[in-house]
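Colleague: Could you take me through the sheet in this one, strand by strand, and then tell me how the helices sit? I'd like a close look rather than a quick overview.

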Amino acid sequence: VMAFAQRYAPDAAAGVIDFEGFALFRGPHLEEMNAPGRDLPASMRKSAPDSGQFFSDLNQWMLKVLLAPELPDELLASPRGQHRNASQLARAANVSVMSAFRFVQQLEREGYLHESAPYLRLVRREELFSRWQALSARSPREVPMRFLLPGDQQAQLHRMLGSGRACLALFAAADALRLGFVSGVPPYVYVHRIQPANLAAWKNLRACAPGEPPDLIVRQAPAPQSVFRGMVRPEGRAACDVLQVWVDVASHPSRGREQADMIRKHVLQRVIEGGR
């Protein structure tokens, strides 16, 4: 922490404390508060790394930025380039240096970065991608909905997607990317948040009555920064990028695993194997 402060904020005071009495400060008149703290038994000094935030929203977005050079523009909207360090990654991904620094540290700690490459290069990708895809097992927030007015449903859906606040997801996004495999599933649409005020903005939609078939399913984006920064617009329709579709569709009961396997076979296999 102190080395980070020295590197990125050399003129600012900084300090670290813990619950065992340790205190280390840097700055005018602060050093007098330094304290060594209580020595802990060796068995308590080392703990397993916390990976609970490894796939946070912004971390998923930065993963996409690192992988973008290996994917076509039409399948992922992202800056493309090679990044030598966290600062360059932060600029490319438009995130704070601290967020990028923490993410790069996590990648290094868990062995997902090439140790001698001149730029940030992902390795052990099979395991990394498997962990990423496991996120799809989480219970999503979604609402089955119908259009209020009869007529061309595709035109109404197109207007919704043109608002900048929604994008096609799962199977509908796979179809838009020309990677579709499953038919007969209502289109899924991601929005930033599912709240009454947010849903009220879609005045041409209403929630389905019990047992009523939906025209579409509105789902809260699991990682809105990653979803909406990476989305593409095939034929003018906002849709999730190929990585997002692969991550999200795998656990869907309507042949989601088969759809994910097809995307891997035709697009992602060489990306996953690229880190070997």
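**The sheet and its helices**

Modeller: Sure, and keep in mind that this is a predicted model. Let's start inside the sheet: strand β5, residues 188–191, runs parallel to strand β7, residues 216–220, and four bridges link the pair. If you want a spot to click on, go to Y188, which stands opposite I217 in β7.

Now zoom out. Those two strands belong to an open sheet of five strands, and reading across you get β4-β5-β7-β3-β6, with mixed pairing. At the edges sit β4 (166–169) and β6 (205–207), each of which pairs on one side only. The sheet isn't flat-on from strand to strand either: neighbours are turned by 40° against each other on average, ignoring direction.

Next, the helix on top of that. Helix α7, residues 153–161, lies across β3 (142–147), β4, β5, β6 and β7, and it runs at about 125° to β4.

As for helices meeting each other, look at α3 (residues 57–67) and α4 (residues 86–93): they pack at an angle of about 100°, and their axes are 10 Å apart. Angles of 65 to 115 degrees count as roughly perpendicular, so that is what α3 is to α4. On the α3 side, the residues in contact are W61, M62, V65 and L66, and they meet L89, A92 and A93 in α4. Sorted by class, that contact has seven nonpolar residues, with no polar and no charged ones.

Note on methods. Residues numbered from 1 in each chain as written. Predicted model: local features only at pLDDT ≥ 70, side-chain atom pairs only at ≥ 80, totals over all residues. Heavy atoms only, no water. Pairing = 2+ DSSP bridges. Axes fitted to C-alpha atoms, helices over the stretch in contact; angles between N-to-C directions. Contact = heavy atoms within 4.5 Å. Parallel < 35°, antiparallel > 145°, perpendicular 65-115°, else oblique. Nonpolar A, V, L, I, M, F, W, Y, C, P; charged D, E, K, R; others polar.
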